[in-house]
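Reader: Please take a close look at the charged side chains of this model, and spell out the cut-offs behind each term as you go.

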Amino acid sequence: MKVRLVRNGIFTVIDDEDLTVVKEPPEDGFYWIDLRLEELSLMQPIFDLHELAIEDSMHDEEQRPKLEIYGDHYFLVVNSIRFDDEEIFLRPLNIFLGKHWIITATKQKINEIRLVKPRLLEEKVHSPDRLLYHLVDTVVDSYFAVADRVEEKIERLEEDILVSTKKSHLTEIIGLRGEILWLKKALGPQKDLLAKLNKKELDLINPELRQYFGDIYENAVKIVETFETYRDLTGNLREAYQSSLTSRTNDIMRVFTAMTVIMMPLTVITGIFGMNFTHMPELEWEYGYYAVLGLMALIGISIFFFFKKKDWL
């Protein structure tokens, strides 16, 4: 647990042995308590946090983004995103917002909490609703970075399929498409949350911030549209995979067909000379064996070069 007094973006660490000090408003600035979920129960009696919000935070690993109003404080859930080239992870960031304090509670470390700190100093943040805005903005911005990595993976898969199609490519395509569809469904509630922060009148949030939340909402809409495009691209990838397999099969069949055509006249020749007639003049010829082999080679080579000239091989 880290308890900070924030004045104009400058942090002052507060001794967490006596947490009751954060109950009273500071002369200037606000308190930011960043803690792990298991420590959240320590804050409940101090700020009178609603028990339903505590229960949701503690027991729901995958929460829907939401905004709940409980008297003198709000409870928000925003999903942070992480992509490891194989799977997309969503990590809920639980936020409690009061008049002079803000609590961030997570089960796992979330990179956006670290990234937001320099912005607070740069913008000289002096109120908890401003911190909320910068925190949500940083979380939404991280989706663009993940979108870029997903796009890179789609492009890499497309190149690999065109160069050399493998069975593993289909597994990757199906897995990536499933992750994109799952994320697209998860983005809907987050977009709705941002719409509320943009349009709804909230006592604990400065009305001037509504237009800034509107900008975040527009970014969220862009992200949803981007992943819809990626869903279509993965569908195109699957079609390209099937087309590549069909083309490869056709190439193999063409080679087999050419081999069959080349062997057909050779089979006829061997069939003729394999007949057990008593009088076959060529069988008595001293150079008959070599002549037949030469003829067969000539026919086979002639058909082969004919196919090459026609670009059938």
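Author: What follows deals with a charged patch and then with charge pairs. This is a predicted model, in which local features need pLDDT of at least 70 and side-chain atom pairs count only at pLDDT 80 or more, while totals for chains, interfaces and linings use all residues. Residues are numbered from 1 along each chain as its sequence is written, and side-chain values use heavy atoms, with hydrogens and water left out.

Asp84, Glu86, Glu87, Asp148, Glu151, Glu152, Glu155, Glu158, Glu159, Asp160 and Glu172 form a negative surface patch (residues with over 30% relative accessible area and no salt bridge, like charges being joined within 9 Å). Helix H4, residues 128-163, supplies the largest share of this patch, 7 residues (a helix is a DSSP run of at least four residues, a strand one of at least two). Asp84, for its part, sits in the loop between strand E5 (73-83) and strand E6 (88-97), and is partly exposed at a relative accessible area of 35% (from 20% to 50%, with a 1.4 Å probe and protein chains only).

The whole structure holds 7 salt bridges (a side-chain nitrogen of Lys or Arg within 4 Å of a carboxyl oxygen of Asp or Glu). Among them, Arg36 pairs with Glu38, with 3.0 Å between the closest N and O atoms; Arg36 is partly exposed at 42%, and Glu38 is likewise partly exposed, at 48%. Another joins Lys66 to Glu68 at 3.6 Å, N to O, where Glu68 is partly exposed at 22%. Arg231 and Asp232 also form a salt bridge, their closest N and O atoms lying 3.6 Å apart, with Arg231 partly exposed at 27% and Asp232 partly exposed at 42%. Elsewhere, salt bridges with shared partners link Arg36, Glu38 and Glu39 into one network.

How values were computed. Patch = residues over 30% accessible without salt bridge, like charges linked within 9 Å, V, L, I, M, F, W, Y side chains within 5 Å. Areas by Shrake-Rupley, 256 points an atom, 1.4 Å probe, with all protein chains shown as cover. Lys, Arg positive; Asp, Glu negative; His and termini not counted. Charge placed at Lys NZ, Arg CZ, Asp CG, Glu CD.
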